[in-house]
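Let's take a walk through this model together, from charges and rings to the chain as a whole. Keep the viewer open as you read.

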Amino acid sequence: MFVLRGFQKNSDLRRNVEPEQMGQLAFVVLQRMLIFALEALAAGMQDGSPQHKVVKCWFGVFCGHTYDRMISTDCPKRFFSHTLTQVLTHKPVLRVSDAVQMQKEWSFAKTHPLLTGLYRRLFTMLSPEELVGHLQEVLETHEVNWQHVLSCVSTLVICLPEAQQLVKDWVARLLARAFENCDLDSMVTAFLVVRQAALEGPSVFPSYADWFQASFGSSRGSHCCSKKTLVFLFKFLSDLVPFEAPRYMQAHILHPPLVPSKYRSLLTDYVTLAKTRLADLKVSLENMGLYEDLSSARDVTEPHSQAHQDVEKAIAVFEHTGRIPSAVMEASIFRRPYYTAHFLPALLTPRVLPKTPDPRAALIESLRRADKIPPSLYSAYCQACSAAEEKKPESAAPGMKVEAVRAEGPLGPLAAALRELRAAMTDPTQYDVVAARVAVVSERLGAALGRAEEDGSSGGSQIQLSVLTPGLEQQEREVADLLLTCFCQNLIVASSFASPDRQGPWASRLVTAMCGRRLLPVVLTRLCQLLRHQGPSLSASHVLGLAALVVHLAESRSVLPEVRVGLPAPAEGLSVAEFFSSLLTFRTSETSLFCLKFCTAVISYSLCKYSSLSRDTLCSCLSPALVKKFQFIILRLFPEARDPLCPEDTADPPWRPLCRPSADWQQAALCLWKQRTFQELLKEKEFHLTYRDWLRLELEIQPEVDCLSDTERWDFQQWAIHEYFLPKPSAAGGCDGDLQVACAVLVDVLIDFRQSSKSYNYSENSDLVLSGCSGNRDIFSRLQEMAAGLEQGPGAPHSCSPPQGHFLFGVFRRRLQALASGWDAAARLQRQRELLAYKWILLGLPPSIVVGRPQAGRPAAPDCTEFFHLVNSELRNFSHGSALTHDLTVHFFRGLLSACSQSGDPSLTADLVLTACQTECPLVLTSALLWWPRLEPELRSRWRRCLQGPLPQELQRLWEAQRFGRSCLLPDAASPAPGPAWLSAAALYFEIQRAGKDSVKSQLERLGCQGEELVVFLFFFSLMGLLSSHLTPHGRPRQAVDTPKALDICAEILGCLEKRRVSWLVLFQLTETGGGLGHVLLRLAPDQYVRLLPFAFYSLLSYFDEDAVTREDAFLHVAVDMYLKLIRLFVAGETSALSTVASRSRERRGQGDPVGLITEARRFLLRSIPRCPKESFSNVAELLATSADCDPDVRAALLSRRQAGPDADLYREPRLF
C-alpha cells in the first residue's frame, strides 16, 4: 500500500481524488526505513541482534512476488529504481582517493550479505540494460557513496551474466568520452568500475592487467590521438600513484601504454614515479616472482612466499622437459637479487633427501653443474640435509601433526560456503542466489590453498602434470577432495528432484570457480589420481559426480589451457577433454568396466543436459575420443550390441536410472547404445570409431587380465575385423572390403604402438627393446592370419601378371619418408627404433614376403627389389660391420627356399636371386657367410627334404668361400678362393674373427698368389672391423674384436699390401659411379663407417711407410682429403662417439682421441708435403678450392709446394733403392 501510494504518478493521484499528503507520507516512511537500514549496515550490526532482524525483515519486502498484484502498474519499478538511487547516494562522504585505496575490501564476497541480497532483489524489477543505464545516470548526476556503487557493480557482474558485456561497453564509452573531452570524472569512473569488476575473477571480467594492456597497449587506443590525450593519461596515472595498490603500478610498468617515441619522456617520468612509490612501499620489481601473475589485483605476495610458488613451478617444468627452465636461467643473470636472496633459499630448503633423486634434487644438481648455485650455499644445504637425516625419527611425528592442524583452519569457512551453496540449489530458478554462493566459495578458496588465489585466467599457458605419478601437497589434496565431494553430493541432490537440463547453472558456476590459475592444476591432478589410478574403487555417486564435472570442464575447454602430461602420452599438449579421455584405459577387466561406467555417465549426462540445444552444440560438448571408447568397450563386452538395432529402440538417456542406489550399469550402457539420439550422434564423422581407432584401443588390452576369455577375444576380433570394419566404407572408418588395406593399417598401428610408451608396461624408464613390449599380442596373430590369406588369395602364388610391390614395404617406405633425416643422435635413434619395429614385423610374417613369388611359366627370379632397397638404404646403416643380424639373414634364406619350392626350376631360381645379390645387395651374402655355421645345416636339410638334389651353384659358392676362409687358418695350404674376390675376403675375415686371432701374418703368407685384389678387400673388411671396435666396444659375440687387436690386424694387412706394392688408396676414394669397387663396397658398410674412414686412415699413421706412400702420386690428394674430412667430422661432432669410447680405457686414449689424431695428422702432412713429387699436386687445387677454411698452415704448405719452380725436386734426397 505504501509503494502504491508513494510512487504513483500525479495523474493517478488526481484520478483517485486522494489527498497529496497521503503519497508524501508513504514516500517519507519508505525513505526513513531505508535510511535506518543503511545506517545500521554502516554501523556494523551483529548477526542476530534486534537491528539485524529489523533490517533483514525490511529488506524482505523487496521481493518480486509481493508486488505481483501491482504488476500492471509502474509503481514497483519506480520504487525499486528510487531505492537503488538512494542506496548509491547514501552519505557520499568517501572521496575518489578513498575508493582507490579501499575498493578491494568491497568485493561481492566481502560485502554484507544483507546489502548484496538487497541488490539482488532490486535487480529483479530492472533489466540489465536498465540497471547499467541507471548506474551511469546516477554517477553523472549525483554525489555517490563509492562503497555502495562499487559493491553494486560487483553484485551486478556476479549475478547477471548478461550485464558483464554491458559493463565492458559502458567502460569503453567512458574512456572514449574521457579522452575526447579530457573528462576526469569519466576516467575515474572507468578505472574504478574496471578494477572492481576484475576483483570478481576471470570468469566474470577480464583481469585488470589484461584490460589495461588491451586498452592502452596498441595504437588503436584513444590515448594515442594527440599529445594532449597522452598528457591527460599520464597525469591521471600519476595522480593515482599515492593511493593505489602496488599491484596496479606493477601492471602499468610491465605492460606500459604504447607511446610514440617523441613523447617517450612522459612514460619515463611516470615509470620513475611509480618505481619510487614502490620503493617507498618496500615492493621491488626485482623481487617479483619468476612466474608471478600480474593480473591479480590483491596485495603483493611477499617475495619468500612467491619464491616457494616459483620453485614448485620450476620443478614441474624441469620434470617435464628435463632441462633447467628458461625463466630460472634468465633470473640467475638478469634478476640476480631475487634469484640469490629468495629463489635459491626456497629451493635449497633443508630436508631428508630421498634415496632415489626426485625432480627437486635433479634440478638442484643441474643448477650446481651449471654453476648457478654458489658453492658455499650448496655446501650449507648439504650439511643441513645431513642434519635433517639425523633428526628424522624425532621430528617426523610432530611435523605431521602441525600439517594436520594447519589444514583444519582454512577448510572450515570453505566447507561452510559449500554447504550454503547446496542449500541454495533447492530452487534452480534463483540464479542470483547460486551465483552469490559460488562467489563466496571462490573467495574462500584462496585462503584454503594457503595463498591468495590469483585472479588471472588459467588460459594462455599450459598445465604440466605427471600421469604416472600425480602428486599433491596435503593441503591441496584436502581442498580438492572437499570441492569434488561437494560437487558429487550436490549433483546427486539436484538429480533427485530435477533432470540435468532443469538443475540451473550451479554446476557451470562452480566449475568456473575451479578454473583459476592456481586451482585448476590441483583439480586436474586429483582427477588424474582418481580416474586413472583409483577408478575401479570409486562409488557410483563418485562416478556420476565426476562424470558431470568432466562434462562441464570440457564445456569450457576453449578458454582453458592445454595439458601437457608425462608418459604415456603424446608429446604435444592435450585439450582438457582429450586429457580426461586419455585417463581411461582398458588394460584390465576392472579398468574396462570402470571405463564403461564412466563413459556411460558422461554421455548420458551430456545428452540430458544439452537435449534442447542444437546438434552442433551437443557435438562440441562431447569428447570424440571418449565416445569412441564407449563404442569400443560396449561392442567388446556385449555381443548383443553387435547386432543391428531395431527401429523401435528409442529409449531415453539413462541418467535418472543411474542415480538410483541399485543402478544396473550394464543395462544402462545398453540402453544408451540403443538410444536414437545417440545413434544419430554416431553418424557424425568426428564420432566414427574407425578401424585404426579400434586397433589402437584393442592393443592396450593385456590378455592375461582381460575380462574376455581367449575364445571370446578371438571371436570378437574376428567379428570386428572381417564383419564390421572390413566391409565398411572408408568414409565411415572401414576398409572398403580390401584386405590388403586392412593389413596395411594394422601394420601402421602396430609400429606406432610399439614405439609409444603404452607398449612398455607404462614405465617412463623402460628400455625400448623388442622383448619389453606388452599389450594385446593377439592382434599380431590377426595380422599373420590376414597376411597368410593374402598369400593364398587370388593371384598368389602362380599369377601370370607382373609382380606387384608388397603392401608391407609400401607402409615402410611411406613412414621412412616422413621421418626426419640427418645423422644427429635424435634422428638416428628415432630411425633405429623405427627399423627395429620393421624387423619385428618382417620376422613375424611369412618369409615369402621378403623374397617374393616366382612368376608362373617364366624362369625369372622372384622380385626382391623392395627388400634389397630396404637393406641398402636403411638396414645397412644399423648393421654392425658388414652383416645383418642372424634372424633377418635366416628369414631371407627361408623365403628363398619357399620361392624355390614354388618354382619350376628351383636351382635356377636360387642362382638368379643370389647372383642378383652380388651386384644389388651384397650385404645379404656377407651376412650368410658370417652366420654360415648356423645357417648351413638348415639350408641343406630343407633343400634335401623339399627339393632334393645338390645345392644350387650359388649356394655352393657360399660354401666354398666359407671353406676357403676356414682353410686359411689351417696349417695346410689354403683351398682356392672362389670369385668374386670380395666374397672370399669376407669369408676369410669372418673366420679370423671367429678364431679370435691376434695376428694374421701366417694367413697372409698362405694366400700366396691368390690375388692382390683379395688382400685389398680383406683390408677393407679389417677397416670396418676397426671402426666397429670403436663404435661398439663391447661388440657382439663372434663378431667384434677389441680395438688394439683390430688395429694390429689392419696394420699387418697394410704391411702385406705395401710389401707387394699393391695400391690400397682406392679404398679411401670409393664412389658409386663407374661400377668399380665402390658399387659393391659402399653397400657393405654403414654410411657412418664410410664417413669415419678418415679416422681409420689416420689411426694407421704410425704404420705407414712414409717413403713408399709419398712416392705414389695419388697419396697426397688422399691424405689431404682425409685430413680435411677428419676436421669436418670433428667440427660436426661425429667423432664424439669415438672419443667417448676412447676415454673409457687408458690404453685407447692415444688411438681413439680425435683431437690427438688430428694433431698427428697435421704434423704428418706438414712433414710429408715437401717430400711429395710435383705430380702429386695436380689435384690438390680443387681440394683447396672447396675447403677455403681449412688449416692455414697446411694450406700454405700446399700452395708453396705447388707453386715451387721446376727445379725444386733437385734438392730432394735421391732415391737410391
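A charge is said to sit over a ring if NZ of Lys or CZ of Arg is within 6 Å of the ring centre and within 35 degrees of the ring normal. With that in mind, and remembering that this is a predicted model, turn to R754: its charged end sits over the ring of W840, 3.8 Å from the centre. A similar search brings you to R195, whose charged end sits over the ring of Y248, 3.9 Å from its centre. Y248 also belongs to a cluster linked by ring pairs, whose other members are F179, F191, Y208, W211, F212, F216, F232 and F236.

Staying with rings, how many aromatic pairs does the whole structure hold? The search finds 49. One of them joins F812 and Y838: their ring centres are 4.1 Å apart and their planes lie at 15°, so the pair counts as stacked. F812 sits in helix α37 (residues 807-818) and Y838 in helix α38 (residues 825-844), so that the pair links distant parts of the chain, 26 residues apart. Both F812 and Y838 are buried.

Next come the salt bridges. Side chains of opposite charge can pair when their charged atoms come close. The count here is 42. Take R526 and D481, with their closest N and O atoms 2.6 Å apart. R526 is in helix α24 (residues 519-533) and D481 in helix α22 (residues 474-497), so this bridge ties together parts 45 residues apart in sequence. R526 is buried at 5% relative accessible area, while D481 is partly exposed at 24%.

Helix α37 returns with R815, which forms a salt bridge with D752 at 2.8 Å between the closest N and O atoms. Because D752 lies in helix α35 (residues 739-755), the bridge ties together parts 63 residues apart in sequence. Here R815 is buried, with a relative accessible area of 11%, and D752 is partly exposed at 33%. Elsewhere, salt bridges link R636, E698, D706, D710, R713 and D778 in a network.

For a look at one buried residue, find T155 in helix α9 (residues 146-159). Its relative accessibility is 0%, so T155 counts as buried. Beyond its neighbours within four places in sequence, T155 is in contact with F108, T116, Y119, R120, F123 and L160.

Finally, zoom out. The chain has 59 helices and two strands, and 51% of its 1217 residues count as buried.

Conventions
Residues numbered from 1 in each chain as written. Predicted model: local features only at pLDDT ≥ 70, side-chain atom pairs only at ≥ 80, totals over all residues. Heavy atoms only, no water. Helix = DSSP H or I, 4+ residues; strand = E, 2+ residues; numbered from the N terminus. Buried < 20%, exposed > 50% of the residue type's maximum accessible area, 1.4 Å probe, protein only. Contact = heavy atoms within 4.5 Å. Phe/Tyr/Trp six-rings, centres within 6.5 Å; stacked < 30°, edge-to-face > 60°. Salt bridge = Lys/Arg side-chain N within 4 Å of Asp/Glu carboxyl O.
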